[in-house]
Amino acid sequence: MGILSLSNRQPLLSEKETSKNRIMVTVEQNERAYDVIVAGAGPTGLMLACELKLKGVNVAVFERRTHGTTGESRAPGINARTMELFRMRGLADKFEEIGQPLQAVLFSGMPMRPKALDSEWPDALILPQHHTERLLVEHALTLGVVFHWSTELLYFNQSADTVDVVVQQKGQMETYTTQFLAGCDGGTSTVRKLCGDRFTGVDPVSHWIVADVQLTTPPAENERFGRNLRVGTYQVSSVETGWFRVSLMKVTPPVDRSAPVTLEELRQAMLEGIGTDFGLHSARWMSRFGDGFRQVTKYRYQRVFLLGDAAHTHSPIGGQGLNLGIQDAMNLGWKLGRVVRGEASDSLLDTFDEERHPVGSDVLEIAKAQTALIKPGVQNEALRKIVGSMLAVPEVVLQLSRRLSGLGVRYPWGDGHHPLVGQRIPDFKLQTDWGEKNLFSLMGAGRPILLNFGKQPQVLLPEKYQPGVDIIEGIPLVERNGTSWKLAAVGEVPELTSVFIRPDGFVAWAQGVGETFSFDTLHAALTHWLG
């Protein structure tokens, strides 16, 4: 048994350099042309830039802020699927060192415990967003991604072959040229507005305040999440040492939704909503959100793409936004990398919209349901009791937890094939000539993988594809039930002899034990995804 074509990548900068020094080094570069420009240095843009650089793409991140997020919890929930993606790229350990594991999956604040039904169910993580961004920036700089901070995108013009991007940078207007532009610039995306398409959806009717604050008399541990008939579900919970996250609905809607939240407005909202401000005396970050929901009609506009909040906005109830954006980036990154390097045709990029737009629509639907249930009212109280009793049913727990965790996505092209085709491959151990290896530990290079199970390879790739695919042979150490395997957050599937995995961890082709081998089916998958 053997592992072929696994590459070892060396960091471009010394590990002794600080993040600040690294950022300054990259900004001083004076290139005016890139393969890809990413607008926005939030989690979505950072993940996309890392995936592109992993593929050898000359990529730059343009960010209007002077630096990344600092000292703000913002989106602190990293779901199980995003943690799987981090583990594939060798990042999960760094996140787990400073985050808090979360085994429960929450539906509108009501916990479900799928791990009690599936012991291999992967954990989520609680980690303030500024840490997530810091770790991704560090990873991007190690890979060699170029950053342009204090750079605001003003407009762009695209031709058949390039996109000219005009920015304001250090008080001057500058023009950069790129093959592709990725709009990862958030809910008020400039890139989206310049695309000129509709951002369809509904305006908010209810409004919340969220903040990181310091309290003189914080609530007891068992009082940090509550619910009443004035504001529905509210939160006053520890987010980091000395800091508490406050999130609650406003009894009185804001006069101006675009106005910054003040400490006095927050204090009044707490007094009206929960009867106390717990000795509120300072805040490092305050914001507001509503229950508006919007999504663009498509994610691709010729050479311009929209990802994350630039493509879809919704209330943060349920913690879906950051994760949806990172998973958008993982889907597009390897495809765009192959096209830029001439390894695949432009049509591969159409599959980004085909796959991710329906996923975004589904997330909006489930966010609407969770937001409705978190609001106050006697009817909602009755509904929450009924839903809560349904969440005790094992089948409901597993099905809904897959959906909320990002683990249940199955792209429709997998229909009619082995049950794993179109789904994520879960992590499991392999017995190789080098000992036991976790599958995800072999996916750090971001390359397609052909797994052959058994002493002899069951499948040989056509010669043209062999240099670009990591061929791994091993014996899967999985729980078995007769001729079936039990896989984490998937359940039982027919035993496999070989499986072809895309760089984003989705199964593109599988050969089951006892199935008649079809070279045409394998070749069709290789041609479609690898060109």
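## Strand pairing, helix packing and nonpolar cores

A hairpin of 4 residues connects β10 to β11. In this predicted model, the two strands of the hairpin, β10 (residues 151–158) and β11 (residues 163–169), run antiparallel and are joined by 7 bridges. Within this pairing, L153 of the hairpin has V167 in β11 standing opposite.

A second antiparallel pair is found further along the chain, between β14 and β17. Here A211 has V246 in β17 as its bridge partner. The table sets the two pairs side by side.

| Strand pair | Residues | Bridges |
|---|---|---|
| β10 and β11, antiparallel | 151–158 and 163–169 | 7 bridges |
| β14 and β17, antiparallel | 207–215 and 243–249 | 6 bridges |

The β14 and β17 strands belong to an open sheet of 5 strands, ordered β15-β16-β17-β14-β18, with antiparallel pairing. At the edges of this sheet stand β15 (225–228) and β18 (280–290); each has a single partner strand, so one side of each lacks a neighbour in the sheet. From one strand to the next, the twist averages 20 degrees. Helix α7 (residues 263–274) lies across β14, β15, β16 (232–240), β17 and β18, and runs at about 80 degrees to β18.

Another packing arrangement involves two helices. Helix α9 (residues 350–374) and helix α10 (residues 378–390) have axes that come within 9 Å and cross at roughly 125 degrees. That angle makes α9 oblique to α10. On the α9 side the contact is formed by A372, L373 and I374, which meet N380, L383, R384 and V387 in α10. By type, the residues of this contact are 5 nonpolar, 1 polar and 1 charged.

The remaining features concern the interior. In soluble globular proteins, nonpolar side chains tend to be buried together. The largest nonpolar core of this model has 110 residues, and the members that touch the most others are F86, F95, L181 and L451. Helix α8 (residues 321–340) gives the most to this core, contributing 9 residues. Which residues does F95 contact, leaving aside its neighbours within four places in sequence? They are I78, M83, F86, L125, L127, T132, L135 and L136. Another core, of 24 residues, lies apart from the largest one; L215, V236, V261 and I274 are among its members. Of these, L215 falls in β14 (residues 207–215), V236 in β16 (232–240) and I274 in α7 (residues 263–274).

Terms used. Residues numbered from 1 in each chain as written. Predicted model: local features only at pLDDT ≥ 70, side-chain atom pairs only at ≥ 80, totals over all residues. Heavy atoms only, no water. Pairing = 2+ DSSP bridges. Axes fitted to C-alpha atoms, helices over the stretch in contact; angles between N-to-C directions. Contact = heavy atoms within 4.5 Å. Parallel < 35°, antiparallel > 145°, perpendicular 65-115°, else oblique. Nonpolar A, V, L, I, M, F, W, Y, C, P; charged D, E, K, R; others polar. Core = buried A, V, L, I, M, F, W, Y, C linked by side-chain atoms within 4.5 Å. Buried < 20%, exposed > 50% of the residue type's maximum accessible area, 1.4 Å probe, protein only.
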